[in-house]
Amino acid sequence: MRPVASLDTTAAGPMCYSRGHMSTRHEKYRRLIETAKALPPVTAAVVHPCDESSLSGAVDAAKMSPFIPILVGPKAKIAAVASQLKLDISPYELVDAPHSHAAAAKAVEVVRAGKAEALMKGSLHTDELMAEVVKKDTGLRTARRISHCFVLDVPTYADALIISDAAVNIAPTLEDKVDIVQNAIDLAHALRFKEVRVAILSAMETVNPKVPSTIEAAALCKMADRGQIWGGILDGPLALDNAISMEAAEIKKIASPVAGRANVLIVPDLEAGNMLVKSLTFLANADVAGIVVGAKVPIILTSRADSVEARLASCAVAALVAQARRERAAKTIT
């Protein structure tokens, strides 16, 4: 396998994190997709791709990235959508399921049988898919809590940013956050980040007993010091400005390897994370890819509003996670 480029740009030096840094839009996503193209293809069970965005998204990903879809859902309906859109789906396996709920169950079954290394959401509700994923006996749970990570390409920031959890865990406890942080760190390693710098966000950078998120942030950092969380450098609590701006960190006199240059942001709860991601999307022209981690395989959650770049980036993230799992499995065998 030929070497691939890293998504981390720390080699450019700390000044690249200043407020004035700009990058070409989609630059980091293009780098991500090119990285994934160097990998063996990943087969994904696409669950109920019965509308234009989900079916065309799966076909586009198959044409432009190392992605092999297995289309799971009502055959007649999928064929009708393909015909309407003039899409050739003949190269792809089609697994019949009468409706969306059955498609979710069948797709999980396909993964459990070892026929797919990823899941991709089609035209069904996320809750419907995740209900099958988290089933105790027939789902895809592991010892870890399942969490969601957004991977953002923000033109005004030097590195790709991982934000978690803004889509699955509504009000995570400290125990939940241990898994959320570890899942995000593992994802960063799968994406070939040279150094994983994790900022545990709150409204302030000091521990305040009246603000629970600051206490949890401090506890998570101490847990990392004790080896209970591994693979990344943690700091917190940090307010958003001193997590991503060197100038803000210097003004506040925060001496930290994370402050001003974080590439993973852990939010206090889903509401804060959702607002942060949407603010970056609509006010900073960020591209946003999304993936669920902590299950036996990566789960691609796409939205009808996603750009082509974001869809391809989500598939590329899944390919990199799948490759990291292959490499861990190979090490375990040897």
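A cavity is a set of grid points where a 1.4 Å probe fits but cannot get out, whereas a pocket is an open set. The structure discussed here is a predicted model. A search of the whole structure finds one cavity of 30 Å³ or more. The volume of this largest cavity is about 30 Å³.

The lining of the largest cavity consists of K177, I200, L201, S213, E216, A217, L220, I266, V267 and P268. Two elements, β7 and α7, give two or more residues each to this lining. Helix α7 gives the most, with four residues. Sorted by class, the residues around the largest cavity are seven nonpolar, one polar and two charged.

The helix α7 also leads to the sheet. Strands of a sheet pair through backbone hydrogen bonds, either parallel or antiparallel. In this model, 11 strands form an open sheet with mixed pairing. Read from one side to the other, the order is β3-β2-β1-β4-β11-β10-β5-β6-β9-β7-β8. At the edges stand β3 (residues 93-96) and β8 (residues 233-238), each of which pairs on one side only. Helix α7, residues 212-225, packs on the sheet and touches β7 (197-201) and β8. The direction of α7 makes about 165° with that of β8.

Elsewhere in the sheet, strand β4 (residues 118-121) and strand β11 (residues 299-300) run parallel and are joined by two bridges. Within this pair, L119 stands opposite I299 in β11. Another helix, α11, lies across β1 (42-47), β2 (67-73), β4, β5, β10 and β11. Its direction runs at about 35° to β10.

The helix α11 appears again at the largest pocket. About 810 Å³ of space lies in this pocket. Its lining is made of 33 residues, and those nearest the centre are T302, S303, R304, A305 and D306. The elements that give two or more residues to the lining are α2 (52-64), β5 (147-153), α10 (270-283), β10 (287-293) and α11 (308-333). The largest share, five residues, comes from α10. By class, the pocket lining has 12 nonpolar, 13 polar and eight charged residues.

Some details of the backbone remain. Most residues other than glycine have a negative phi, and most peptide bonds are trans. Which residues are joined by a cis peptide bond with omega of about -5°? They are S164 and D165. D165 is found in the loop between β6 (161-164) and α6 (174-190). The peptide bond from G236 to P237 is also cis, with omega near 5°. P237 has its place in strand β8, which is an edge strand of the sheet.

Positive phi values occur at H48 and K86. For H48, phi is near 55°, and the residue lies in the loop between β1 and α2. For K86, phi is near 60°, and its place is in the loop between α3 (75-85) and β3. Is each of these residues buried or exposed? Buried means under 20% relative accessible area, and exposed means over 50%. H48 counts as buried because its relative accessibility is 7%. K86 counts as exposed because its relative accessibility is 75%.

Methods
Residues are numbered from 1 along each chain as its sequence is written. This is a predicted model: local features need pLDDT of at least 70, side-chain atom pairs count only at pLDDT 80 or more; totals for chains, interfaces and linings use all residues. Side-chain values use heavy atoms; hydrogens and water are left out. On a 1 Å grid over the protein atoms alone, a cavity is a set of points where a 1.4 Å probe fits but cannot get out, and a pocket is an open set with protein on both sides within 12 Å along at least five of seven lines; lining residues have an atom within 4 Å of a point. Grid points are joined across faces, edges and corners, and a volume is the space filled by probe spheres set on the points. Ala, Val, Leu, Ile, Met, Phe, Trp, Tyr, Cys and Pro count as nonpolar, Asp, Glu, Lys and Arg as charged, and the others, Gly among them, as polar. Two strands pair if DSSP finds at least two bridges between them. Contact means heavy atoms within 4.5 Å. Axes are lines fitted to C-alpha atoms, for helices over the stretch in contact, and angles run from 0 to 180 degrees between N-to-C directions. Buried means under 20% relative accessible area, exposed over 50%, partly exposed in between (1.4 Å probe, protein chains only).
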